[in-house]
Amino acid sequence: MNKLIPHIEYLLQSHDCVIIPGLGAVLAHGIPAFYDESRGVWVAPRRAVAFNPELSRTDGLLAASVARRDSLNIESATTVVRNEVDKMRKELELTGRLQLGSAGTLDLTAEGNLSFTPGDAACLSPSFAWLPSFAATPLESASELARRREATERKETWLPYLLRKGSRIAAAAAVLLALGWIVVQNLTYAPDEQFASVAPMTEAVSDRQATHQQMSPVVLVLARAPKDEVVENIPPAPVVKKEDTARYYLIVASLASMAEAEKYVRQHTDINLGILAKDGRYRVYAACGNTSEEVLAASKTDEIASRYPSSWVCRR
């Protein structure tokens, strides 16, 4: 068996893309749970494996895995990967088929193209392997239950049915009348003063009412925050250190865009991370140095080794 197969299977357990330099990339993507109406079964979430021959430019992930397992520097591990990939190509040319372990099988078509048949991805997805699928009968919708209940009620005697409907209508009418009375009371002005006089005081009362109406405008109160209000306890944005000028970097994540890389750094503020833009990828690194031995020594520290066991060294 090719020496790279165990590394590909191991890396697919925690990565969604493993590039075989010069050959292609093995991709894994998650499929959410869904209901299969034909079988009446809820299918558990799982991962599916695919192959893309266009992604053949190395990102160093496979070489870093070989370097960790065989205790090699990154240059020697890259040479091992290159030699093993050459053996894969020769096997494809001679037999027309290449087994990639549990990931699947590559076949060379008569037109010279690569055809991929995915394998059983259960062992490549330990977080999904224990989730079972189960049979389930969907419940009736609320509208259907209400329709059936109403049909049952209509089969009963009409008098109780009408009384129930009438009581609901009467309750709704009472609520509307109460709301209308409250609105009318608020809009109607009734003077609370009595005038005692021998002669009629109609004019005086009318003048007082007019004066009261002029002095009683409708006031709209707009709530606004105090001018001296201070917003406190806003957490500061995480500081992303600028790209160093070192030659070797300890990579902990390889992402497709700067936005994804910055988001990853913001989610790990308890450790000092940086971003290295190289070969169209944005790699987050936890340490750097001018020699690969210096960076490999940093990867073995307790802070980095326990959190990023799959980190790898990238040369600038």
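## Two pockets and a four-stranded sheet

Sorted by class, the residues lining the second largest pocket come out as eight nonpolar, three polar and nine charged. This is a predicted model, and the pocket in question has a volume of about 480 Å³. Its lining counts 20 residues, with Thr58, Gly60, Ala63, Ile74 and Thr78 nearest the centre. Two elements, α3 (74-95) and β13, each put two or more residues into this lining. Helix α3 is the top contributor here, giving eight residues.

Now for the largest pocket. Its volume is about 620 Å³. Look for His15, Asp59, Ala253, Ser254 and Arg281 if you want the residues closest to its centre, out of 26 in the lining. Elements giving two or more residues to that lining are β1 (17-20), β10 and β12. Strand β10 supplies the largest share, five residues.

Here are the two linings by class:

| Pocket | Nonpolar | Polar | Charged |
|---|---|---|---|
| Largest pocket | 12 residues | seven residues | seven residues |
| Second largest pocket | eight residues | three residues | nine residues |

Some of those strands turn up again in the sheet. Four strands make an open sheet in the order β11-β12-β10-β13, and the pairing is antiparallel. The edge positions go to β11 (274-278) and β13 (312-315); each has a single partner strand, so one side of each has no neighbour in the sheet. From one strand to the next, the twist averages 55°.

Further in, β10 (residues 248-255) and β12 (residues 281-289) run antiparallel to each other and pair over seven bridges. To pick out one bridge, Leu255 has Tyr282 of β12 as its partner.

Definitions and conventions: Residues numbered from 1 in each chain as written. Predicted model: local features only at pLDDT ≥ 70, side-chain atom pairs only at ≥ 80, totals over all residues. Heavy atoms only, no water. Pairing = 2+ DSSP bridges. Axes fitted to C-alpha atoms, helices over the stretch in contact; angles between N-to-C directions. 1 Å grid on protein atoms, 1.4 Å probe; cavity = no way out; pocket = protein on both sides within 12 Å on 5 of 7 lines; lining within 4 Å. Points joined across faces, edges and corners; volume = space filled by probe spheres on them. Nonpolar A, V, L, I, M, F, W, Y, C, P; charged D, E, K, R; others polar.
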